[in-house]
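Me: Please take a close look at one part of this structure and tell me what surrounds it. I would like the small pocket described first, and then the parts of the fold that can be followed from there.

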Amino acid sequence: MQAFEQLEKEFGEFIGNPNTVAVSSGTSALHVACEVARTYLTDDVTGAVQPRIAVPEYTMVACPRAACMADLKPVFIGCLNNLQMNMNLVPDDVDIVMAVHIYGNLCDMEYLHTLTGSMVIEDMAEVHGARPHPSTFAACWSFYKNKTIHGEEGGMIAFKNPKDVQLAKQLRTLGFDNNHDYYHVPRGVNARMSNAHAELILPSLRNAQGSISHRHIISNCYDQHVPIEWQLPMCRFPWIYPLRIKGMTWHEQRELVDRFNDEGVAARQGFKSMLQQAEYNSAYSEGVTKAISLQHEVIYLPLSDTMTHANAESICHSLMRHAKIVIPKLTRIE
């Protein structure tokens, strides 16, 4: 068995679903899942037909880009205060819903499936350890080097229906079928996972529970030192440590993160509204207000398998020191 096949097998056991397909990245996982879903909606292979897919407005740009690569038309959905997609805004006439679990917090998938009869694709890149909803059409993961389960790069798809696995495996290899006779399944791409990448991911997968437990410990340490009013809802599957500083401006957000980066701390700004990305600023949307008002208030701090309590405490002390300088309107910082 090749390493990527071993990874498919072991990851399937990890999530309780054997219908797994390893691919080259998390973006490729979303793209191939969208392509398979597309075949249920249209026989067109030219891209002229564009089924509609609901995508969170507050998310990583890979999500709508993967949908667009599959010639789907994104409909952006506004978010709640917890940064998750507001499912009540999902239109009845979309064909697919892409649910993205943001920053280690889970969307209410049970509620989503009661709201819509559309196919659902779950982006699980930031909630390693969680299992997708049993009614979800496809779930997708990234194994990029900063994820809980990681290598240098890679991705995985798990399908509800075993019959979709074969098509996904063909699509990831330029549409070659089992005969390899150069009659290609339409719309295939080069999204194969290399054995070299799989060999890096396998040890991380085998240590996943230990890694998740350790990240909970470090996350709890952050909780003890970060003002409670800055804390977002508890992450069930910590990946990074997000926080929201209400009233923080774009310039303050950027300076705060730059100060951390200058110290070698991998803090990052939060996602930005997809409607403020050049390629989507004229896109159709539902309920878009919240993401634009929240986007400059969110940063996140690092979590990793090797971090200690002392590391987290040091980062928190730096956070409070920098915040007093960068955000002068914050008059109450203990």
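Reply: A note on residue classes is needed first: Ala, Val, Leu, Ile, Met, Phe, Trp, Tyr, Cys and Pro count as nonpolar, Asp, Glu, Lys and Arg as charged, and the others, Gly among them, as polar. With those classes, the lining of the second largest pocket has six nonpolar, two polar and two charged residues. The model is a predicted one.

The second largest pocket has a volume of about 220 Å³. Its lining consists of Lys145, Asn146, Trp239, Ile240, Ala266, Arg268, Tyr300, Pro302, Leu303 and Ser304. The charged members are Lys145 and Arg268, and the polar ones are Asn146 and Ser304.

Two of these lining residues fall within strands. Arg268 belongs to strand S9 (268-269), and Tyr300 belongs to strand S11 (residues 298-301). Both strands are part of an open sheet of three strands, with the order S8-S11-S9 and antiparallel pairing. Its edge strands are S8 (241-244) and S9, each of which pairs on one side only. Between S8 and S11 there are four bridges in the antiparallel sense, and here Tyr241 stands opposite Leu301 of S11.

S9 also leads to the other pocket. The largest pocket holds about 590 Å³ of space. It is lined by 30 residues, and those closest to its centre are Met60, Ala62, Glu126, Lys147 and Phe271. The elements that give two or more residues to this lining are helix H2 (26-39), helix H3 (62-69), strand S6 and S9. By class, the lining of the largest pocket has 15 nonpolar, nine polar and six charged residues.

From the largest pocket the next element to follow is S6, which covers residues 138-142. Five of the five residues of S6 are buried, so the strand is largely enclosed by the rest of the structure. Side chains in a regular strand alternate between the two faces of the sheet. In S6, Ala138, Cys140 and Ser142 are on one side and Ala139 and Trp141 on the other; all of them are buried, and both faces of the strand are thus covered. S6 also has strand partners. Strand S7 (residues 155-159) runs antiparallel to S6 and is joined to it by five bridges, with Met156 in S7 as the bridge partner of Trp141. S5 pairs with S6 in the parallel sense over three bridges. In this pairing Ile121 stands opposite Ala138, and Asp123 stands opposite Cys140.

S5 (residues 119-123) is likewise buried at five of its five residues, so it too is largely enclosed by the rest of the structure. Met119, Ile121 and Asp123 point one way from the strand, and Val120 and Glu122 the other way. The buried set in S5 therefore includes two residues of the charged class, Asp123 and Glu122. S5 pairs with strand S4 (residues 96-100) in the parallel sense over five bridges. Asp123 has a part here as well, as the bridge partner of Val100. To get from S4 to S5 the chain passes through helix H4 (residues 109-115), and this β-α-β crossover is right-handed.

Some points elsewhere in the chain complete the picture. Leu7 lies in helix H1 (residues 3-15) and has a relative accessible area of 0%, which makes it buried. Leu7 and Asn195 are 188 residues apart in sequence, but 9.3 Å apart in space from C-alpha to C-alpha. The loop between helix H5 (163-171) and helix H6 (195-206) contains Leu174, a non-glycine residue with a positive phi of about 60°. His180 lies in that loop between H5 and H6 too, and its phi is positive at about 50° although it is not a glycine. Leu174 is partly exposed at 37% relative accessible area, and His180 is partly exposed at 46%.

As for the whole protein, it has ten helices and eleven strands, and 56% of its 334 residues count as buried. Its C-alpha atoms fill a box of roughly 65 × 45 × 35 Å along the principal axes. A compact globule with 334 residues would have a radius of gyration near 20 Å, and the 20 Å of this protein agrees with that.

Definitions and conventions: Residues are numbered from 1 along each chain as its sequence is written. This is a predicted model: local features need pLDDT of at least 70, side-chain atom pairs count only at pLDDT 80 or more; totals for chains, interfaces and linings use all residues. Side-chain values use heavy atoms; hydrogens and water are left out. Buried means under 20% relative accessible area, exposed over 50%, partly exposed in between (1.4 Å probe, protein chains only). Two strands pair if DSSP finds at least two bridges between them. A crossover is right-handed if, with the strands pointing away from the viewer, the path from the first strand over the helix to the second runs clockwise. On a 1 Å grid over the protein atoms alone, a cavity is a set of points where a 1.4 Å probe fits but cannot get out, and a pocket is an open set with protein on both sides within 12 Å along at least five of seven lines; lining residues have an atom within 4 Å of a point. Grid points are joined across faces, edges and corners, and a volume is the space filled by probe spheres set on the points. The radius of gyration is taken over C-alpha atoms; the globule rule is 2.2 Å times the number of residues to the power 0.38.
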